[in-house]
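Colleague: I am new to this structure and would be grateful for a close look at its strands. Please begin with one pair of strands, and then follow the chains outward from there.

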Amino acid sequence: MNRHMFFMLVGAMSVALPTIASAQTELTVYTAVEAVDLDRYKATFEKAHPDITINWVRDSTGVMTAKLLAEKDNPQADVVWGLAATSLLLLKTEGMLEAYAPKGVEALDKKFVDRDTPPSWVGMDAYVAALCYNTVEAAKLGLTPPKTWEDLTKPEYKGHVVMPNPSSSGTGFLDVSGWMQMWGEEKAWSFMDKLHENISAYTHSGSKPCKMAGAGEAVIGVSFEFPGAKAKSAGAPIDIIFPTEGSGWEAEATAIIAGTANLEAAKTLVDWSVTKEANEMYNAGYAVVAYPGVAKAVEHLPSDIAAKMIDNDFEWAANNRATILKEWQKRYDAKSEPKS
Amino acid sequence: MSLAIDYAPPGKRLRQQTSRDDRVKLGFMAVIGLYLIVALGAPLFVMLSKSLSTYRFDLAAFEFQVSDETGKTWADAVTAEALNRDLGVVTEKDLATNSDGRLAATKFFPEFNFRSPVHYRIRGTADGAAFLVGSTLEKGIEWREYDSATFRRVVLRPASTFGIENFKTYFSTPALARSIYNSVLMASISTVVTVSIAFALAYALTRSCMPLKGLFRGILTIPILVPSLLPGIALVYLFGNQGVFKDWLLGYSIYGPIGIVIGSVFFTLPHAFLIILTALSVADARHYEAAASLKASKWRTFTTVTVPGARYGLVSAAFVVFTLVITDFGLPKVIGGQYGMLAVDIYKQVIGQQNFEMGAVVSVILLVPAVLAFVVDRRMQKRQVALLSARAVPYAPKPSGRRDSLCFAFSCLVSLFVLGMIAMCQIAALVKFWPYDLTLTTKNFAFDLMDGGGWAAYANSIKLALLTAIFGSVIVFAGAYMVEKADGFRLGRGVFHFLAMMPMAVPGMVLGLAYIFFFNNPANPLSSIYGTMTILVVCTVTHFYTVAHLTALTALKQMDPEFESVGASLKQPFHRLFFRVTLPVCLPAILNIGIYLFVNAMTTVSAVVFLYSTDTKLASVAVLNMDDAGDIAPAAAMGMMIFYTNVVAKLLHAAVSRGLLTRTQAWR
């Protein structure tokens with residue numbers, strides 16, 4: 001029966017394809033960009049390049065990364081547009097990315113471009129670690145808002161903080177790697193030891209802590225700024241707090257998959273992805289974009305987020321990920337089980 | 001039936017006729033057997049080998065050369081292994097790693113300083129040896145030279161080998177190994193609670209004269225129609241930190257064991273209830289009369305007549321519940337909090353850390369309790385003997401005020417629990433922003449604006465459910481027919497039956513992961529179905545094969561083998577008999593198989609969570625993903641859409657069955 005369906009599919013495609021494929025190049029683009037933004041990105045790009053059609057394949061960052069790695073020997077994607085830079089670095093170390101310097105890449109902020117020349121990935125925008133703080137629940141409990149990361153270890157917050165689990169969420173890992181790069185490993189571990197005492201749950205997704213704070217399931221959600229702004233627009237009684245020490249961050253980035261059959265079209269897309277026009281498009285949701293001077297303030301977010309971003313070393317983070325996660329699981333996964 | 005053929009006179013034509021039929025049947029059986037091997041056996045085998053695929057730093061595969069201060073004169077080449085022998089910086093334990101492992105090359109040079117003018121060379125001694133300079137992958141046996149500042153960025157990559165290291169790592173990681181204990185504990189507690197409640201309910205329905213039995217029966221089967229994620233979501237709204245009845249938990253958190261047990265009881269209740277109900281409904285009134293005439297107390301009658309009569313049903317129900325809870329993934333994902341469970345660990349390893357090997361290891365471990373439960377249950381079933389003899393008198397309960405009102409009260413209580421959970425989800429789906437803005441809205445149904453796949457996912461789910469129901473019924477019934485009605489090839493039929501029983505013991509997660517390894521391999525000629533609706537249909541049919549197979553077998557067993565003998569003696573080919581007699585007679589059973597597959601295809605998460613692609617996102621997976629992203633209200637809304645769809649499907653099924661029954665089953 002599966003074979004039957006397969007033949008029917010092939011049959012249908014062979015009828016449909018010649019009519020579309022004549023002048024049009026179709027690009028299979030993998031992405032983790034928010035679902036609401038996809039149509040806008042596609043329309044804006046296709047207006048600039050009517051000869052190329054984007055076919056989105058979208059999923060969350062973790063699923064997308066797992067999918068790309070699983071397809072390592074038989075890649076299905078032409079381009080990745082909008083996936084965490086850390087994930088792209090992982091693909092790069094597997095030799096899966098085609099190095100290419102898009103036209104105009106010089107204009108981008110250096111921290112948004114892969115260190116190697118030619119770069120294997122180029123950034124689009126950033127998401128920055130932030131706290132979502134539920135003012136209603138805090139008032140009920142008589143809590144004062146935290147100003148720094150260090151504040152989160154205060155005993156008054158015991159059981160009121162949620163953060164993403166770094167071993168299953170990219171956002172969780174950017175928090176941990178941010179603390180380590182700011183303070184050094186030793187201080188970061190001792191901070192996390194104390195923080196762990198206050199954590200009520202480690203979630204699997206990076207935006208969930210903020211939404212939990214928004215819904216009052218927690219008071220403080222360690223998350224990033226985007227879901228904070230979104231939850232606030234939806235009516236959540238939260239404040240978005242950027243700790244004064246600075247914040248870890250992650251770039252959303254673009255890369256070409258090595259061995260793509262549509263290399264020219266892929267380059268066209270990546271070229272366009274670094275233009276000022278594209279960056280203005282990213283700015284609709286993201287407060288920090290790769291093209292300097294483009295970003296306008298986003299509703300509910302301060303205008304100086306870029307200043308809070310630490311000097312993030314993606315390579316260090318990628319090369320130490322396995323070791324850090326192993327240690328993290330040893331310290332907190334086992335301890336977080338109920339003591340019976 | 002074989003008697004008639006084996007001892008038939010050696011009439012030449014007759015034998016040829018049957019043997020040609022048998023060849024056709026054998027061919028059919030081989031095709032469906034092959035289907036089960038491709039869709040079940042081979043993927044599981046590939047997964048098993050994946051769990052044995054390990055990563056290890058092979059120090060002998062890397063050679064270094066160090067220059068002097070001028071950067072021109074080079075010392076002798078030396079392997080990392082030799083360096084480590086002198087220095088002992090890397091222990092044997094550190095060498096075992098995962099696919100993401102990295103080992104800094106500078107570890108082997110204690111005097112290393114990134115500001116020094118010393119240069120370093122590195123090469124592999126074999127082609128496969130890989131290392132990274134920063135994040136650039138280098139391979140091969142060419143010498144490569146780096147200054148100290150660059151050499152700081154060189155890290156070695158592990159080589160892939162075979163071994164049981166993954167299992168060693170698993171059992172030496174307390175957080176992972178702990179999940180085995182947690183899963184077994186949760187499954188055991190849920191089993192005891194569910195089976196007790198289900199028994200009480202079945203008792204109330206069969207041994208009392210309480211009113212509204214039909215209504216209770218309907219309400220108690222509701223949880224089958226919703227994904228197991230939904231009770232999790234309902235519990236968050238009922239008992240979460242902003243929950244309606246938060247105080248009932250006396251300060252304990254719903255996220256964790258408490259939530260897992262309550263949710264598990266909810267979604268396994270109908271399975272246990274239906275099995276025990278069947279077991280209790282066959283009762284011989286003479287046993288009760290005997291007990292009464294021996295002046296046995298009510299309690300003694302209960303423990304010596306009622307319970308033993310249902311013991312096989314109880315055992316069966318217990319194993320079904322145990323297997324369901326230990327293999328379920330949706331519920332602990334939503335409500336489990338930090339409480340590690342095996343099925344969630346697979347997801348965390350694969351999606352969270354892209355550690356496929358460790359995912360395979362957890363899968364293999366998850367197979368063990370599920371297979372054990374299955375084997376024990378099969379053993380017990382074989383010992384079951386017919387309870388009802390031809391002279392049995394059907395038991396009819398007599399009214400008893402106290403017992404009946406007790407039964408009624410208990411049934412009401414459980415029904416309230418079931419309806420309350422569903423109602424909570426419906427309310428949550430309609431509220432604007434829980435708990436701060438309780439105005440009603442339909443915006444949570446605007447799925448296209450959320451993660452998860454939007455309304456297209458809902459349409460895909462219906463398509464999957466229909467395809468699964470149609471193709472699944474055909475494959476399952478044809479397979480069962482071959483097992484039951486074909487003559488000879490005892491061995492082939494035995495193997496086939498075994499294959500058909502296997503899916504029951506394979507958790508959905510494990511099956512899904514095995515499918516990735518097996519089908520997403522360019523060397524596999526079937527790899528083109530990866531990422532299509534076809535693979536989802538194949539996976540879902542296979543996942544729910546066993547129960548459907550048993551239903552078909554039961555229906556076929558009710559048909560007298562004389563039909564075949566008569567057909568053969570009238571020189572009718574088997575397909576005529578099949579379409580004229582067997583199929584119409586078994587039509588109700590086939591419809592039951594169809595609706596069973598439909599409902600399960602709508603609600604399944606675990607089997608398909610690794611297999612869907614962007615074009616084939618499913619409603620049940622959307623519930624998972626929306627909850628994961630924190631959009632709990634839309635997740636509840638999508639869960640309710642699945643529920644309503646299944647209710648409609650059930651009603652349609654009931655109407656069609658009734659219509660068909662009057663037309664085709666008049667002879668009964």
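Modeller: Let us begin with B:V133, whose bridge partner in β8(B) is B:T136. This is a predicted model, in which local features need pLDDT of at least 70 and side-chain atom pairs count only at pLDDT 80 or more, while totals for chains, interfaces and linings use all residues. Residues are numbered from 1 along each chain as its sequence is written, and chains are lettered from A and ligands numbered from 1 in the order in which they are written. Strands (E, at least two residues) and helices (H or I, at least four) are DSSP runs, numbered from the N terminus.

Strand β7 of chain B, residues 130–133, pairs with β8(B) in the antiparallel sense over four bridges; two strands count as paired if DSSP finds at least two bridges between them. Both belong to an open, antiparallel sheet of four strands in chain B, ordered β5-β10-β7-β8. Its edge strands are β5 (103–104) and β8 (136–139) of chain B, each of which pairs on one side only. In general, strands of a sheet pair through backbone hydrogen bonds, either parallel or antiparallel.

In chain A, strand β10 (residues 249–257) deserves particular attention. Nine of its nine residues are buried, so β10(A) is largely enclosed by the rest of the structure. Here a residue is buried if 20 or more other C-beta atoms lie within 10 Å of its own, exposed if 12 or fewer, and partly exposed in between, with C-beta atoms placed from the backbone. In a regular strand the side chains alternate between the two faces of the sheet. On one side of β10(A) the buried residues are A:W249, A:A251, A:A253, A:A255 and A:I257, and on the other they are A:E250, A:E252, A:T254 and A:I256, which leaves both faces covered.

Three partners of β10(A) can be described in turn. Strand β3 of chain A, residues 79–84, pairs with β10(A) in the antiparallel sense over five bridges, and A:V80 stands opposite A:A255. The pairing of β4(A), residues 97–98, with β10(A) is also antiparallel and has two bridges; there A:L97 faces A:I257. With β5(A), residues 122–134, the antiparallel pairing runs over six bridges, and A:A126 is found opposite A:A251.

The loop between β4 and β5 of chain A holds A:P118. The peptide bond leading into this proline from A:T117 is cis, with omega near -10°. Most residues other than glycine have a negative phi, and most peptide bonds are trans. Chain B has a cis bond from B:W434 to B:P435, with omega near -5°, and B:P435 sits in the loop between β12 (431–433) and β13 (437–440) of that chain.

A positive phi of about 75° is found at A:H300, which is not a glycine. This residue lies in the loop between β11 (288–289) and α12 (305–308) of chain A, and it counts as partly exposed, with 16 C-beta neighbours inside 10 Å.

The strand β10(A) also has a place in the division of chain A into domain 1 (2–126 + 249–301) and domain 2 (127–248 + 317–333), with bounds that come from an automatic or database domain assignment. The centres of the two domains, taken over C-alpha atoms, are separated by 29 Å. Their contact takes 18 residues from domain 1 and 16 residues from domain 2 of chain A; residues are in contact if their C-beta atoms, placed from the backbone, lie within 7 Å. On the side of domain 1 that touches domain 2, α3, α4 and β10 of chain A each supply at least two residues. The most comes from α4(A), with four residues. That side of domain 1 divides into 10 nonpolar, six polar and two charged residues, where Ala, Val, Leu, Ile, Met, Phe, Trp, Tyr, Cys and Pro count as nonpolar, Asp, Glu, Lys and Arg as charged, and the others, Gly among them, as polar.

Finally, the two chains meet: 57 residues of chain A are in contact with 54 residues of chain B. The elements that each supply at least two residues of the side of chain A that touches chain B include β2 (52–58) and β7 (199–203) of chain A. The largest share, eight residues, comes from α13(A). The residues of this side of chain A divide into 25 nonpolar, 18 polar and 14 charged.
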